[in-house]
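Got the viewer open? Let's walk through this chain stop by stop, with something to select at each one.

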Amino acid sequence: MQALQDKASEWSGVPTSDAFAVDDSNLFHKLGLQSFVNLSTNFYNRVYDDEEEWFRSIFANSKKEDAIQNQYEFLAQRMGGPPLYSQRRGHPALIARHGPFAVTREAAERWLHHMEQAMNSTREIDEESRIKIMNFLRHTAYFLVAGVGELKNQNQEMHPCRHGAGAHHPCKNF
């Protein structure tokens, strides 16, 4: 896990201490649930209207309303609010939940672009909070790039072997 955090810091340009500055204050208490609902709505309106088909396709199997709810519940919980996301969906398990998607550096940057635009248009989020949240999200986006990449590499090493009928072993391709 630490190696992924280190990669996330290197790739995002956000030191871990800045990424987790959100833990030093309760942004949920400061901003309220509606701020996270508004932010998530602004964000996903941009995502689902993105002009790049490759990017929109990442979200094609999700209903926008569900994506909005998942995000605002996760953000509210992560920023010091009640465990809304965990109560409804279980542990966030970000890497596992994002594993099926094309979480690349290009996708992370596009995602962050839309988030920054949404953050700037969500007036109730003050500048100090905006910086803390964006540092967290930038770091987290690259944590996912590193983690999903590692997960996919591990899965590529797993394939059926001829050691037994239907057995799966971590065989190497020679």
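Start by selecting Ser40 and Phe36: a polar atom of the Ser40 side chain sits 2.9 Å from the backbone oxygen of Phe36. This is a predicted model, so take that distance as a property of the prediction. Ser40 belongs to helix H4, residues 33-48. Is Ser40 buried or exposed? Its relative accessibility is 0%, so Ser40 counts as buried. Now show what surrounds Ser40: setting aside neighbours within four places in sequence, the contacts are Ile68, Gln71, Tyr72 and Leu75.

Next, pick Gln71 out of that list. Gln71 is part of helix H6, which covers residues 64-78. With a relative accessible area of 9%, Gln71 is buried, because the cut-off for that is under 20%. Show its contacts beyond four places in sequence: Gln71 touches Ser40, Phe43 and Tyr44, and also Trp111 and Met115.

Go back to H4 and colour the whole helix. Its buried residues are Ser35, Phe36, Val37, Leu39, Ser40, Phe43, Tyr44 and Val47. If you like a geometry check, put a distance between the end C-alpha atoms: they are 24 Å apart in helix H9 and 22 Å apart in H4. Why do those values fit? At 1.5 Å a residue, the 17 residues of H9 should span 24 Å, so the model agrees. For H4, the 16 residues should span 22 Å, which agrees as well.

Stay with H9, residues 105-121, and turn on side chains. The buried residues here are Ala107, Ala108, Arg110, Trp111, Leu112, His114, Met115, Ala118 and Met119. Trp111 and Met115 are the two you already met as contacts of Gln71.

Now for the core. Nonpolar side chains tend to be buried together in soluble globular proteins. In this model, the largest nonpolar core has 42 residues, and those with the most contacts inside it are Phe36, Met79, Trp111, Met115, Met119, Ile133 and Leu137. Helices H1 (2-12), H3 (27-31), H4, H6, H9 and H10 each supply at least two of the core residues. Which helix gives the most? That is H10, with ten residues.

Select Ile133 to see the packing up close. Beyond four places in sequence, Ile133 is in contact with Val22, Leu27, Leu31, Phe36, Met79, Met119 and Ile125.

Then move to Ile131, which is in H10, residues 127-157. Ile131 has 44% relative accessibility, so it counts as partly exposed. Draw a C-alpha to C-alpha line from Ile131 to Val22: the two are 109 residues apart in sequence and 9.6 Å apart in space.

Zoom out for the whole chain. Secondary structure amounts to ten helices and two strands, and reading from the N terminus the order is α-α-α-α-α-α-α-α-α-α-β-β. Of the 174 residues, 40% count as buried. The exposed surface is about 9,900 Å², with carbon and sulfur atoms supplying 51% of it. Among contacts with a separation of 6 or more, 68% are between residues 24 or more positions apart.

Finish by colouring on pLDDT. The chain mean is 84, and 78% of residues reach 70 or more. Select residues 158-174 as your last stop: pLDDT stays under 50 there, and the model has 17 contacts beyond four places in sequence for this stretch.

Conventions
Residues numbered from 1 in each chain as written. Predicted model: local features only at pLDDT ≥ 70, side-chain atom pairs only at ≥ 80, totals over all residues. Heavy atoms only, no water. Helix = DSSP H or I, 4+ residues; strand = E, 2+ residues; numbered from the N terminus. Expected span 1.5 Å × (residues − 1). Buried < 20%, exposed > 50% of the residue type's maximum accessible area, 1.4 Å probe, protein only. pLDDT = per-residue confidence, 0-100. Contact = heavy atoms within 4.5 Å. Areas by Shrake-Rupley, 256 points an atom, 1.4 Å probe, with all protein chains shown as cover. Polar contact = N/O pair within 3.5 Å; in protein donor to acceptor, adjacent residues only side chain to side chain. Core = buried A, V, L, I, M, F, W, Y, C linked by side-chain atoms within 4.5 Å.
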